[in-house]
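Q: Please take a close look at a single part of this model, after a short account of the whole. Which residues make up its packing, and how are they arranged?

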Amino acid sequence: MRSPLKDIRARPATDLAPCPQRRFAYLGPAGTFTERALSLAPEAEGARLVPAATAREALALACRGDVDAAMLPVHNTVAGIVPDTLRAFAESPALSVLREVVLGIEFSLLVRPGTSLAGVRTVSGHPHARRQVEGWLDRHVPQARWVPASSNAEAARRVRDGECDAALAGDFTAGHYGLRAAATGIQDTAGATTRFLLCARSGGPDAVPADRTSLIGRLAGRPQHLGALLDGLRRHPFLRAVSLHLVPDAGGRSLLFADCPGRLDHPPTARAVGLLRLRVPGLRSLGSYPSAVSPPDPYHLCDLYERSETMDSKTTPEDIARLRREIDDLDGRVIGTLKQRLRISREIQGLRTDRGGSRTDSGREHTVRGRYAEELGEGGADLAQALLELCRGQSSR
């Protein structure tokens, strides 16, 4: 099996010197890939590594100053973004990223001594782990029921304590819990990696050199309702070098996570960030930090942002004409829908007044304004108010 250590990519640290007294938190318990990523970060050399039960807890330790920094998984090339980490970022305003680490991921199926594959009836692991090995599980342990865990190491603890038959985790996890590997090198997609971010309280030492900038912000509406917004951002010629991810948040909202090449004070990056903030008010920078791969040189970075802009300038008139035709078509549908709403509102107003009631229902109007605000953001309530006033003016009474 290829060791995940061979896939680690982290540039040498220049911001923090190794210190035995330092304390760093990670998503625990002991034996997670996050702990492995943290142990390979230059900043954490010789430091005490402190497990945290959740991403929120790890960042709280860092923001309070109980630890110097916290390492968390943010994205896997197969399973995608890690929602719990993004939610923890959004709830930690005094936070900045020091660096990223990328770790090659392969799993082992860990069991208690004496357990065979045929005897595995339950398999536990983090939900992200399952998405990376579903094919392998279907082929080798089709009889096993999946039991989600808060981490792969927690799954190993369950196996040790007899709560589950097997756990998906790194082979290095087995020794922590007295288990053995019934199978190794498990991964449906060869070369899969997970990206981790080392985060500290804002105001600490700057990450130098910095060649990546990340941002996070909240949007009104669920991810399935924000596809058009996301597609529009991704197609924008100034934003095609930016990576954008949406995950659901509480209260029917969503979190947007953006990764921009370059540091925040580089003109092309600053322009991209400024445009994002126009479209997503409240988008907050997590800082600029060293990426796990070699940074682009300044000329290449400019080209990365601007090449599509130059190319698009040749087709802008045609694109604008096509998009305007689409808008005209949409406007026609909206007007038709509004006419239907006006007709129905007129019928409701007539029924209410025929029974001696008032023409409007303030409770109902409050609900309408709330719905529009939730789906469309701050401007949604204003739009709802204008629509309600229009409907009131169409009463036949």
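A: About 19400 Å² of the chain is exposed, with carbon and sulfur atoms supplying 53% of that area (Shrake-Rupley method with a 1.4 Å probe; for residues, only the protein chains shown count as cover). The model is predicted: local features need pLDDT of at least 70 and side-chain atom pairs pLDDT 80 or more, while totals for chains, interfaces and linings use all residues. Residues are numbered from 1 along each chain as its sequence is written, and side-chain values use heavy atoms, leaving out hydrogens and water.

Of the 397 residues in the chain, 45% are buried (under 20% relative accessible area; exposed is over 50%, partly exposed in between, with a 1.4 Å probe and protein chains only). The chain has 12 helices and 15 strands (DSSP runs numbered from the N terminus: H or I of at least four residues for helices, E of at least two for strands). Among contacts between residues at least 6 apart in sequence, 77% join residues at least 24 apart (contact means heavy atoms within 4.5 Å).

The part examined here is helix 2, residues 55-64. Its buried residues are Ala55, Ala58, Leu59, Leu61 and Ala62. Viewed down the axis of helix 2, these fall within an arc of 150°, so they line one face of the helix (the arc is that of the directions from the helix axis to the C-beta atoms). The buried residues of helix 2 pack against strand 1 (23-27), strand 2 (48-52), strand 3 (69-76), helix 3, strand 5 (95-104) and strand 11 (193-201).

With helix 3 (residues 83-90), helix 2 packs at an angle of about 35°, the axes being 8 Å apart (axes are lines fitted to C-alpha atoms, for helices over the stretch in contact; angles run from 0 to 180 degrees between N-to-C directions). The contact involves Ala55, Arg56 and Leu59 of helix 2, and Asp84, Thr85, Ala88 and Phe89 of helix 3. By class, this contact has 4 nonpolar, 1 polar and 2 charged residues (Ala, Val, Leu, Ile, Met, Phe, Trp, Tyr, Cys and Pro count as nonpolar; Asp, Glu, Lys and Arg as charged; the others, Gly among them, as polar).

Just after helix 2, Gly65 has a positive phi of about 85°. Most residues other than glycine have a negative phi, and most peptide bonds are trans. In the loop between strand 1 and helix 1 (33-39) lies Pro29, and the Gly28 to Pro29 peptide bond is cis, with omega near 10°.
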